[in-house]
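Please load the model in your viewer and switch to a cartoon view. Keep the selection box open as you follow the stops below.

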Amino acid sequence: SSVLYGPYTLRPSAEEMNETRYFIEVISGKNVNVVWGATSIERETHAIPIKIPLAKGLLGYRIGLIHSDLQSRFSQVKTSKELSNFIFGLGIGWGEVPIYRAAGFQVVESNYDNLFKMLNAGRIDYLSRGINEIWGEFEFYSQDNPNISIENTLLLHSIFPYYFFVTPKDKKLAERIEFGMRQMLKDGSYDAIFLKYNKEAINRAQLDKRRIIEIINPNLPPDTPKDPELWYSP
């Protein structure tokens, strides 16, 4: 796309920010002009979404870190309603917060590092993690938190696309990113990157042995694309 759109530089923001803050920043477009995050009707109203789900929607499939004592209780769960008996820990401003609350779950928000300590102490029951995130996190955090383990029977799923969002002040940039991503979908490089970074985690999660619990996403924009080649399906 450099031929069509000219040269570019790609650099991270100088400041560290949480998800709530970086969405505010991308809307103004002063310090940040591209972010990625979970979509919602509100976010699509204020910034320009590139409607190609990153990681092919894999982030909508969640497995849990749990307090080790609870595995037998989670093994009994058959419906999303039964999950309302547990306390879910989520990061402040994470996209799942409104989804889980709408499903009737008890949700506690805290900062990221603190969630693992809370789980270890039994103050929360389930820390919802992406398939591609959980293995590294477990290895790292279980050293100081010996009571946590990876839940091994459930796969929670919401249609929960993460997109690139571009500042509304730069439509040309949004056009450029979409053009490049569509080219990658056509030439197979998008799938190749997806498999390179996710295949091992997908295999380790043994998705075919887990019960899928569907959780409705009430904030899903009605015109979310349905094309099967954009989505991972176990």
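Which residue stands opposite Leu156 in β8? Select Arg62, and you have the partner. Keep in mind that this is a predicted model.

**Stop 1: strand β8 and its two partners**

Color residues 154-157, strand β8. Show the side chains. Leu154 and Leu156 point one way, while Leu155 and His157 point the other way. In a regular strand, side chains alternate between the two faces of the sheet. All four residues of this group, Leu154, Leu155, Leu156 and His157, are buried.

Now add strand β3, residues 61-67. β3 pairs with β8 in the antiparallel sense, over two bridges. Then add strand β10, residues 211-214. β10 runs parallel to β8, and four bridges join the two. Pick His157 and look across to β10: the bridge partner is Glu214.

**Stop 2: the nonpolar core**

Stay on Leu156. This residue is among those with the most contacts inside the largest nonpolar core, along with Phe74, Leu83, Phe88, Tyr100 and Ile131. That core has 57 residues. Its largest share, five residues, comes from α9.

Center on Phe88 next. Beyond its sequence neighbours up to four places away, Phe88 touches Leu83, Tyr100, Phe105, Gln106, Val107, Val108, Tyr126 and Leu156. A second, separate core has nine residues, including Tyr22, Val26, Tyr163 and Phe165.

**Stop 3: helix α6**

Select residues 112-120, helix α6. Leu115, Phe116, Met118, Leu119 and Asn120 are buried here. What do the buried residues of α6 pack against? They meet β3, β4 (87-91), β5 (106-110), β6 (126-130), α7 (134-141) and β7 (148-150). Gly122 follows α6, and its phi is positive, near 80°.

**Stop 4: the three-stranded sheet**

Move to the open sheet with the order β1-β9-β2. Its pairing is antiparallel. β1 (34-38) and β2 (48-50) are the edge strands; each has a single partner strand, so one side of each lacks a neighbour in the sheet. From one strand to the next, the twist averages 35°.

Zoom in on β1 and strand β9, residues 162-166. Five bridges hold this antiparallel pair. Select Gly37 and find its bridge partner in β9, Tyr163.

Two helices pack on this sheet. Helix α2, residues 19-28, touches β1 and β9, and its direction makes about 135° with that of β1. α8 touches β1, β2 and β9, and its direction makes about 10° with that of β2.

**Stop 5: where α8 meets α9**

Show helix α8 (residues 171-187) with helix α9 (residues 189-205). Their axes are 5 Å apart and the packing angle is about 85°. That makes α8 roughly perpendicular to α9. From α8, the contact uses Met181, Met184, Leu185 and Asp187; from α9, Ser189, Tyr190 and Ile193. Five of the contact residues are nonpolar, one is polar and one is charged.

**Last stop: Ala201**

Finish in helix α9, on Ala201. Is Ala201 buried or exposed? Its relative accessible area is 9%, under the 20% cut-off, so Ala201 counts as buried. Outside its neighbours within four places in sequence, Ala201 contacts Ile131, Asn132 and Trp135. Draw a C-alpha to C-alpha distance from Ala201 to Gly136: these residues are 65 apart in sequence and 9.9 Å apart in space.

Terms used. Residues numbered from 1 in each chain as written. Predicted model: local features only at pLDDT ≥ 70, side-chain atom pairs only at ≥ 80, totals over all residues. Heavy atoms only, no water. Buried < 20%, exposed > 50% of the residue type's maximum accessible area, 1.4 Å probe, protein only. Pairing = 2+ DSSP bridges. Contact = heavy atoms within 4.5 Å. Axes fitted to C-alpha atoms, helices over the stretch in contact; angles between N-to-C directions. Parallel < 35°, antiparallel > 145°, perpendicular 65-115°, else oblique. Nonpolar A, V, L, I, M, F, W, Y, C, P; charged D, E, K, R; others polar. Core = buried A, V, L, I, M, F, W, Y, C linked by side-chain atoms within 4.5 Å.
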